[in-house]
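Me: I would like a close look at one part of this model, with the rest of the chain brought in where it helps. Please keep to plain words.

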Amino acid sequence: MLNEHFVALDVADVADSRFTGAVRSMSLAHLQVSSVRSTTQHIARTDSLIEQDRIEYVQIGMIRRGSAVVVQDGRECTLTRGDFAIYDTSRPFDWIIDGHPDDDQWELEVFTWPRHMLRLDARESSDMTAMAFDGSAGFSGLLARFLHDLGSTRSSLDISGAQAIADEVGDLVSVIARNTTSNSTIDSPGVALVRAAQRYIDDHLADTELSPTSVASAMLVSTRQLHRVFASSGTTVARTIRTKRLERCRREIIGSISLDRSLGQISRRWGFADLAVFSRAFREQYGMSPRQYRASVCARSDDPRAVTRSTRPTDREQRY
């Protein structure tokens, strides 16, 4: 059941023969919200299992009953009721979960995003895993209560509403997790430079002149130095710019399904000068063309005003 709802996992060390287990899941667009209940056990994501499916998700696991130890990226944390941890399915991890003393039962709420849908790069993700976030105080407590309420809600939303909530919750997770971990550690100069550059990129995505050279100039470093620190975080400056632009375009496509706004207008707004380049990059990132993506969103929308294209597209726009 765990493999079916999440990723390939090894489950072992069940306490005794009184095993029970249940998984309940729902989807809000690309965000999967799940509730898991079972008995004391050890759940592991190993290198061999990662090789089998190579699925990259970022997940939040929040303990609602019992307790757990989470291990990933050389760190280990202990969670009690209401606390949560972030973990990444592209690298090995372990959950050792103990049931409540009364009946050996534990409950876990799991929130799953495709990694590319969150505003976290590989370096930031690895900095946040296997850290205990306090579910009762501060902004992490606010996030925990919000996530729990989200998991308890069974409201009906159209696809655009579900997409908006999934995106906004993902942004909230990224911001709170990033600030919580940065307050507990001192960034190296390289990490601080990457984060400052990413903030600059976020603020200038609509600028068609945005490039590694312009970012380096704004950061008062050489382009070579900027490339080097981004490489150490597992990405490149150009890829970061492109990914962030594509995500802004994807969100605007969702938000504009009832508006007469062409894909060319959307892509140009976020720095893509050429529609063909935008279309190829979008397909590579999301597995379908922007026109197919808009059509799928419109088809699932309850909005009677939903449109799939501008009323007067150019011949060039009609092909994408």
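Over how many bridges do β2 and β3 pair, and in which sense?

Reply: β2 and β3 pair over eight bridges, in the antiparallel sense. Strands count as paired if DSSP finds at least two bridges between them. Helices (H or I, at least four residues) and strands (E, at least two) are DSSP runs numbered from the N terminus. The model is predicted, so local features need pLDDT of at least 70 and side-chain atom pairs pLDDT 80 or more, while totals for chains, interfaces and linings use all residues. Residues are numbered from 1 along each chain as its sequence is written, and side-chain values use heavy atoms, without hydrogens and water.

One of the bridges between β2 and β3 can be found by its residues: V23 has V36 in β3 as its partner. The two strands form a hairpin, with two residues between them. In that turn, A29 has a positive phi of about 55 degrees.

The hairpin belongs to an open sheet of five strands, which follow one another in the order β2-β3-β10-β5-β8. The pairing in this sheet is antiparallel. β2 (residues 21–28) and β8 (84–88) stand at the edges with a single partner strand each, so one side of each has no neighbour in the sheet. From one strand to the next, the twist averages 20 degrees.

At the β8 edge, the partner is β5 (residues 57–65), and five bridges join these antiparallel strands. One pair to look for is G61 with A85, the latter in β8.

Helix α4 (residues 138–152) packs on the sheet and touches β2, β3 (31–39), β5, β8 and β10 (105–114); touching, or contact, means heavy atoms within 4.5 Å. The direction of α4 makes about 85 degrees with that of β5; such angles run from 0 to 180 degrees between N-to-C directions of axes fitted to C-alpha atoms, for helices over the stretch in contact. The buried residues of α4 include S140, G141, L143 and A144. L147, L150 and G151 of α4 are buried too. Buried means under 20% relative accessible area, exposed over 50%, and partly exposed in between (1.4 Å probe, protein chains only).

Away from the hairpin, helix α7 (residues 212–219) has P212, V215, A216 and M219 as its buried residues. The cover over them includes α6 (189–203), α8 (223–232) and α9 (237–255). On the face of α7 turned away from the buried side lie T213 and S217, which are exposed. Just after α7 comes L220, with a positive phi of about 60 degrees.

Two glutamines in other helices can be set side by side. Q285 is found in α11 (residues 275–286) and is buried, its relative accessible area being 19%. Apart from neighbours within four places in sequence, Q285 is in contact with H116, T243 and L246. Q52, in α2 (residues 47–53), counts as exposed at 61% relative accessibility. Q52 is 45 residues from V7 in sequence, and their C-alpha atoms are 10.0 Å apart in space.

As for the whole chain, its secondary structure comes to 13 helices and 10 strands. Of its 320 residues, 48% are buried. Among contacts between residues at least 6 apart in sequence, 72% join residues at least 24 apart.
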